[in-house]
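Thanks, everyone; I would like to take a few minutes on one strand and on one pocket, and please keep the structure open while I talk.

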Amino acid sequence: MAIELVDAGSDPASEARIVSEVLRWLVFEPEAIEHQRARTPSRRDWLGVLDGQPVGVGAAGVPVGMEASGVAVSMLLVLREARHRGVGRLLYRQVSEHARELGRSELLTFSFEDDPDTLGFAARHGFTVAARTRGLRLPLADCPRPEVPPPAGVAITTLAERPELAPGIWEVACETFPDIPYGGDTPMQAGSYEQFHAGALSGPRYIPDATFAAVAGDEVVGYAQLEWMSRSAGIANHAMIAVRQDWRGRGVAQSLKAAQIAWAIDTGLHELRAGNDERNAPARAVNAHFPFVPLPDWLHLRGPAVKT
């Protein structure tokens with residue numbers, strides 16, 4: 001039995017296949033992984049190869065907006081049929097070494113709660129659950145098309161129709177990102193406008209027609225974004241919904257969410273996916289107005305970058 005690690009950049013298709021198979025409620029396409037890697041200069045990805053076959057993925061880096069955090073965001077994933085053979089342990093050592101080179105002593109990694117092997121591996125190495133995301137899916141075949149008008153004085157538009165609103169969306173993100181709970185130890189940040197645009201408003205997952213802005217006069221007061229999870233399968237992800245603090249509680253978020261779902265139905269999508277931290281009560285309350293069904297919880301696992 002021979003195990004080796006290779007640079008995943010040489011085989012993004014295998015990386016996407018492994019990640020999607022292990023995290024079976026999410027879909028990662030090669031182009032999306034390459035885009036994410038390109039905008040995270042500190043990120044490195046490896047494939048774990050067992051007897052000549054890619055069977056695992058390890059990755060670590062510090063994403064935009066988390067520079068002040070003490071953790072490196074990572075992946076430690078091995079196909080079910082290749083587990084308990086040492087691939088995960090080797091990937092863990094490699095990812096830990098890279099995290100420590102970045103000045104991080106801890107990793108933040110992820111798993112769904114219906115994957116006991118991955119959770120068991122994490123627990124044996126000192127990882128604990130730092131946050132829990134309530135996953136949701138919305139099959140669209142029989143979903144009624146929602147009609148939720150925005151509050152008086154607010155109009156809903158898209159970046160496809162009004163691309164000049166992109167800076168206003170960034171301003172909303174700058175105000176709201178620090179309010180989003182997650183498994184890190186510092187508030188999340190949107191980054192500079194250039195960083196935000198490169199990540200959220202470009203790349204293979206970006207959908208201008210499904211990036212909605214709520215506008216009051218000349219001000220963007222909220223936005224909601226769908227991004228492609230799998231274009232070929234007709235699955236999109238609710239990437240973000242955010243409303244300025246002084247506009248919350250007026251129905252802006254619900255009208256934005258309805259616009260997303262209506263667009264997906266009109267466009268012929270098969271399904272939408274969503275997820276919010278269990279502590280994010282406002283976002284979860286918005287989702288409760290629509291016929292989402294639950295997925296297994298998505299666990300944020302925090303643990304040591306082992307010394308090698």
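Before the pocket comes up, let me fix the term: a pocket here is an open set of grid points where a 1.4 Å probe fits, with protein on both sides within 12 Å along at least five of seven lines. Please also bear in mind that this is a predicted model.

With that in place, the second largest pocket has a volume of about 350 Å³. Of the 22 residues that line this pocket, the closest to its centre are Val78, Gly88, Arg89, Asp117 and Phe121. By character, the lining divides into 11 nonpolar, 6 polar and 5 charged residues. Strand E4, helix H3 and helix H4 (116-124) each supply at least two residues of that lining, and H4 gives the most, with 5 residues.

Let me now turn to E4 itself, which covers residues 71-78. Why do we describe strand E4 as largely enclosed by the rest of the structure? We do so because 7 of its 8 residues are buried, where buried means under 20% relative accessible area.

As for its neighbours, E4 pairs in the antiparallel sense with strand E3 (residues 53-61) over 6 bridges, and within that pairing Gly56 stands opposite Val78, a residue we have already met among those closest to the pocket centre. Strand E5 (residues 106-112), by contrast, runs parallel to E4 and is joined to it by 3 bridges, with Leu107 as the bridge partner of Ala72. Finally, E4, helix H3 (residues 87-101) and E5 together make a right-handed β-α-β unit.

Technical notes
Residues are numbered from 1 along each chain as its sequence is written. This is a predicted model: local features need pLDDT of at least 70, side-chain atom pairs count only at pLDDT 80 or more; totals for chains, interfaces and linings use all residues. Side-chain values use heavy atoms; hydrogens and water are left out. Buried means under 20% relative accessible area, exposed over 50%, partly exposed in between (1.4 Å probe, protein chains only). Helices (H or I, at least four residues) and strands (E, at least two) are DSSP runs, numbered from the N terminus. Two strands pair if DSSP finds at least two bridges between them. A crossover is right-handed if, with the strands pointing away from the viewer, the path from the first strand over the helix to the second runs clockwise. On a 1 Å grid over the protein atoms alone, a cavity is a set of points where a 1.4 Å probe fits but cannot get out, and a pocket is an open set with protein on both sides within 12 Å along at least five of seven lines; lining residues have an atom within 4 Å of a point. Grid points are joined across faces, edges and corners, and a volume is the space filled by probe spheres set on the points. Ala, Val, Leu, Ile, Met, Phe, Trp, Tyr, Cys and Pro count as nonpolar, Asp, Glu, Lys and Arg as charged, and the others, Gly among them, as polar.
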